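Colleague: I'd like a close look at one part of this model, please, rather than a tour of everything. Pick a stretch, walk me through it, and tell me what sits around it.

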Amino acid sequence: ALTLSAKILANTSTNTPASPQIRSLLIETLDILHELVSMEQLSVRQLCNAAWAIAKHYNRDPTLLPPPPTAAATSTDDVLGAAE
């Protein structure tokens with residue numbers, strides 16, 4: 001369903017964000033996909049197809065995914081710890 005909907009969106013000419021109902025279904029699909037990935041239930045091909053479809057949906061509606069995390073500066077003491 002994720003790949004099919006991405007193909008359909010790719011063939012439409014308008015570039016408007018997804019409706020709230022479509023967005024809700026996509027988020028639900030992404031949650032299921034996350035569970036399948038966590039349980040290592042997908043083949044490499046399935047993962048590639050899912051990544052392609054998510055990218056197509058994101059290209060159509062950049063608000064679909066949360067923003068990337070901001071980088072935070074850390075000191076070497078925080079990363080490596082202090083020697084005793």
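**A close look at helix 2**

Modeller: Let's start at the far end: helix 2 is followed by Glu40, which has a positive phi, near 55°. Keep in mind that this is a predicted model.

Now the helix itself. Helix 2 takes in residues 20–38, which makes 19 residues. From its first C-alpha to its last it reaches 27 Å, close to the 27 Å expected at 1.5 Å a residue.

Which residues of helix 2 are buried? They are Leu26, Leu30 and Leu33. Looking down the axis of helix 2, you find its buried residues within an arc of 60°, so they line one face of the helix. The general rule behind this is handy: an α-helix has 3.6 residues a turn, so residues three or four places apart point the same way. On the face turned away from the buried side, helix 2 carries the exposed residues Pro20, Gln21 and Ser38.

Helix 2 also helps to shape a pocket, the second largest, with a volume of about 150 Å³. Its lining includes Thr29, Ile32, Leu33 and Leu36, and helix 2 gives the most to that lining, with 4 residues. So Leu33 turns up twice, because it is buried, sits on the one face lined by the buried residues, and is part of the pocket lining. Helix 1 (2–10) and helix 3 (44–60) join helix 2 as the elements that give two or more residues to the lining. Among the other lining residues are Ala1, Leu2, Thr3, Leu42, Gln46, Asn49 and Ala50. By type, the lining has 7 nonpolar and 4 polar residues, and no charged ones.

That brings us to the neighbour in the lining, helix 3. Its 17 residues should span 24 Å at 1.5 Å a residue, and its end C-alpha atoms are 24 Å apart, which agrees. Buried in helix 3 are Ala50, Ala53, Ile54, His57 and Arg60. These cover an arc of only 120° around the axis, which puts them on the same side of helix 3. The face turned away from that side carries the exposed residues Val44, Arg45 and Asn59. Ala50 is buried and also lines the pocket.

One last residue in helix 3 to click on is Arg60. Arg60 counts as buried because its relative accessible area is 13%, and the cut-off is under 20%. Its C-alpha is separated by 9.0 Å from that of Ala6, although the two are 54 residues apart along the chain.

Definitions and conventions
Residues are numbered from 1 along each chain as its sequence is written. This is a predicted model: local features need pLDDT of at least 70, side-chain atom pairs count only at pLDDT 80 or more; totals for chains, interfaces and linings use all residues. Side-chain values use heavy atoms; hydrogens and water are left out. The expected span of a helix is 1.5 Å times one less than its number of residues. Buried means under 20% relative accessible area, exposed over 50%, partly exposed in between (1.4 Å probe, protein chains only). The arc is that of the directions from the helix axis to the C-beta atoms. On a 1 Å grid over the protein atoms alone, a cavity is a set of points where a 1.4 Å probe fits but cannot get out, and a pocket is an open set with protein on both sides within 12 Å along at least five of seven lines; lining residues have an atom within 4 Å of a point. Grid points are joined across faces, edges and corners, and a volume is the space filled by probe spheres set on the points. Ala, Val, Leu, Ile, Met, Phe, Trp, Tyr, Cys and Pro count as nonpolar, Asp, Glu, Lys and Arg as charged, and the others, Gly among them, as polar.
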